[in-house]
Structures are given as structure tokens and as C-alpha cells.
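Ready for a few exercises on charged side chains and where they sit? Have a go at each task before you read its solution.

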Amino acid sequence: MKKMMKDNNLVRHLDACETMGNATAICSDKTGTLTTNRMTVVQTYVGDVHHRVIPDPGQINARTLDLLVNAIAINSAYTSKILPPDVEGGLAKQVGNKTECGLLGLVLDLRQDYSPVREQIPEERLYKVYTFNSVRKSMSTVIKLPDGSFRLYSKGASEIMLKKCSYILDANGEPRSFRPRDRDEMVKQVTANASQHVCSSPVIEPMACEGLRTICIAYRDLPANPEPDWENEAETVAELTCITVVGIEDPVRPEADSAGVPKVPEAIRKCQRAGITVRMVTGDNINTARAIAAKCGIIHPGDDFICLEGKDFNRRIRNEKGEVS
């Protein structure tokens with residue numbers, strides 16, 4: 001008990017120590033626990049080009065860039081923002097939702113500014129908002145344009161969003177047809193040109209296999225008359241035009257902090273040496289999850305391990321009545 005107090009561990013019930021001492025498995029969340037929870041966009045797929053580093057804004061069509069900035073600025077909680085660092089030379093402060101902060105950081109990396117967009121379209125002028133939840137795994141915001149028509153911006157998990165896209169912006173900023181076959185190719189195929197940091201082929205699985213969370217940003221223009229049925233979300237948030245797919249990095253916590261205290265990988269190694277099985281639980285794409293688990297040392301190449309998606313896990317633990325068996 002005294003040793004735990006010395007380690008700054010507060011124990012309210014002494015019998016809890018005995019329970020913890022008998023633990024043989026630890027299930028850990030990923031974001032903010034195993035990782036730093038500081039999201040940064042490190043790759044983009046825009047204008048039919050996969051950029052493995054953030055492109056110069058001159059490499060992106062002007063119309064596409066304008067749509068991208070507006071989509072991120074408007075279709076994010078206005079409480080999410082990037083503030084100057086506390087100390088000179090430090091990292092900018094991310095306030096609010098960390099994924100949205102990563103996207104706002106992309107706007108700044110492209111030498112654009114999201115603040116004037118929000119000043120022009122304040123939060124009270126947003127016409128309709130479909131907030132993010134774990135079921136839809138996306139967020140959409142509708143604004144009214146000067147001519148009376150509407151524009152919907154949407155963002156979310158790429159594997160879900162791309163199924164709602166019927167078009168994608170080409171290198172000239174013009175929408176072209178985006179068929180299911182195109183989507184499948186975008187997910188799986190990859191041929192990189194490492195010397196130019198550019199890849200002219202699709203993209204989702206390669207990003208995920210590098211431990212990146214992939215987010216699709218899209219939009220749709222809707223008529224003023226007849227006004228869409230905003231309560232029919234399935235019909236409204238459909239036939240979208242994909243603006244970009246981005247890869248967001250959430251780095252694994254380092255081996256040690258500034259005081260030399262061991263962090264995630266070493267802590268996991270200690271648990272494993274003690275006979276404790278460490279499992280990671282996350283809502284990310286399974287390829288992203290696998291890559292992060294490998295970086296943390298939870299799984300190792302050549303080991304006998306298994307990665308399960310939630311639906312597969314539920315099928316294994318429930319009987320024919322849907323009860324946990």
C-alpha cells in the first residue's frame with residue numbers, strides 16, 4: 001500500500017490491490033492512452049494524387065482548395081480551434097475535438113485560414129447539423145448559399161463516407177463519376193513514387209497499414225425548391241462528391257517522458273513479462289488498429305495473435321438468442 005502511494009497511485013479500497021494483483025488481462029483504449037491524442041494530418045489524397053507529405057497549396061486546384069477549407073472550417077465544432085503555443089518554439093495548442101483539430105491544422109499547413117470562414121458564417125447561421133455519433137461515424141453540416149440553394153459538407157470514416165460518394169473531384173476541381181469499382185480500387189491498390197512523395201494510385205489500406213486514421217471530406221449541392229426533407233438523413237447525406245481523403249497520425253506515446261519515466265511500449269513489455277495479456281480496444285479501422293498495436297508492442301510479427309472487428313467479436317461471444325454466453 002505504501003509503495004503504491006509512493007508511486008502516486010491513489011487506492012481507496014485495500015482489497016482492490018489484491019484484485020489487481022491477480023489480473024491476467026488488461027484491455028486498454030487506444031486514443032489518448034496508448035497514443036498521445038495529438039492528431040496531425042500527414043498524408044492527403046486530393047485531385048487524383050496521393051501526397052505522402054502535405055502538398056504545397058499551389059499543387060491543389062484553387063476551387064478544390066476553397067471547398068476543402070470551407071468544408072473543414074464549417075463542418076467542425078466551432079469550439080475546436082488551434083491556438084498559438086504557450087512558449088516560443090513549442091507546439092500549437094489543440095483545443096476541442098482532437099480529430100477536428102488535426103483537420104484545422106491541415107488548413108493552416110496549406111497556408112490558409114479557417115477563422116474568416118467562421119466569421120462570415122457564424123454558428124447561428126448553420127442551417128442544419130447532423131452531429132457525429134458512433135453509429136453514423138460522420139458529421140454533416142448544411143449552409144444556405146446566397147442564391148437560396150443549399151450546400152452540405154460531410155466528413156467521417158473513409159470506409160463509410162466513400163460508399164455515400166457518387167462523384168470525386170479531379171485534378172481540375174471538376175466532379176467526375178465515382179463508381180463502386182473506383183471505390184474498391186481506391187481502397188486497395190497502391191503504387192508509390194517515393195522519390196516525389198506522390199502516389200497516383202489509391203490509397204486507403206496503405207494509409208491504414210501505416211497506422212493512420214483515414215477521414216473522407218465531401219460535399220453536396222442541394223436545390224432551394226423543392227427544399228430537401230432534412231429529417232430524411234439517408235437520402236440527404238448521399239450522392240456526395242469526395243473532396244479529399246486524409247491520413248491522420250496519432251503517435252504512440254514515447255518510450256520515456258522528459259523525466260525519464262517509461263511510457264507505453266516499456267509498460268506493455270513489463271506487463272507481458274509478468275504474464276499479463278494486453279489487448280487494445282479501439283473504434284479505428286482494423287488495419288490502423290493492427291499497425292498501432294504493433295508499434296506499441298502488443299503484437300509482434302510472427303506471433304500467434306488475432307485482430308477482430310466488433311461484429312466478429314460479438315458473433316463469437318453471443319449465442320443464437322443474442323445473449324452473452
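Below are four exercises on this predicted model, each with a worked solution.

**Exercise 1. Get your bearings**

Task: Work out how many helices and strands the protein chain has, and what percentage of its residues is buried.

Solution: Start with the secondary structure, which comes to 12 helices and 15 strands. Next, turn to burial: of the 325 residues in the protein chain, 41% are buried. To finish, look at the contacts with a separation of 6 or more: 62% of them involve residues 24 or more positions apart.

**Exercise 2. Arg-176 and its partner**

Task: Find the residue that forms a salt bridge with Arg-176, and say which parts of the chain the pair links.

Solution: First, look around Arg-176: the partner is Asp-48, with 2.6 Å between the closest N and O atoms. Now place the two. Arg-176 belongs to strand S10 (residues 175-177), while Asp-48 is in the loop between strand S2 (40-46) and strand S3 (49-51). That puts them 128 residues apart, so the pair links distant parts of the chain. Last, check the accessibility. Arg-176 has a relative accessible area of 31% and is partly exposed; Asp-48, at 24%, is partly exposed too.

**Exercise 3. Buried or exposed?**

Task: Take the salt bridge between Arg-151 and Asp-221 and decide whether Arg-151 is buried, partly exposed or exposed.

Solution: Begin with the contact itself, where N and O are 2.7 Å apart. Arg-151 sits in strand S8 (residues 150-157) and Asp-221 in strand S13, 70 residues apart. Then use the cut-off: buried means under 20% relative accessible area. Arg-151 comes in at 17%, so Arg-151 counts as buried. Asp-221 has 41% and is therefore partly exposed.

**Exercise 4. A loop tied to a strand**

Task: Work out where Lys-128 and Glu-231 lie, and how exposed each one is.

Solution: Step one is the salt bridge: the two side chains meet at 3.7 Å, N to O. Step two is location, with Lys-128 in strand S6 (residues 128-130) and Glu-231 in the loop between strand S13 (213-222) and helix H9 (233-236). The pair therefore ties together parts that are 103 residues apart in sequence. Step three is accessibility: Lys-128 is partly exposed at 23%, whereas Glu-231 is exposed at 67%.

To round things off, put these pairs in context. The whole structure has 14 salt bridges, and Lys-30, Arg-213 and Asp-284 are linked in a network of them.

Notes: Residues are numbered from 1 along each chain as its sequence is written. This is a predicted model: local features need pLDDT of at least 70, side-chain atom pairs count only at pLDDT 80 or more; totals for chains, interfaces and linings use all residues. Side-chain values use heavy atoms; hydrogens and water are left out. A salt bridge is a side-chain nitrogen of Lys or Arg within 4 Å of a carboxyl oxygen of Asp or Glu. Helices (H or I, at least four residues) and strands (E, at least two) are DSSP runs, numbered from the N terminus. Buried means under 20% relative accessible area, exposed over 50%, partly exposed in between (1.4 Å probe, protein chains only). Contact means heavy atoms within 4.5 Å.
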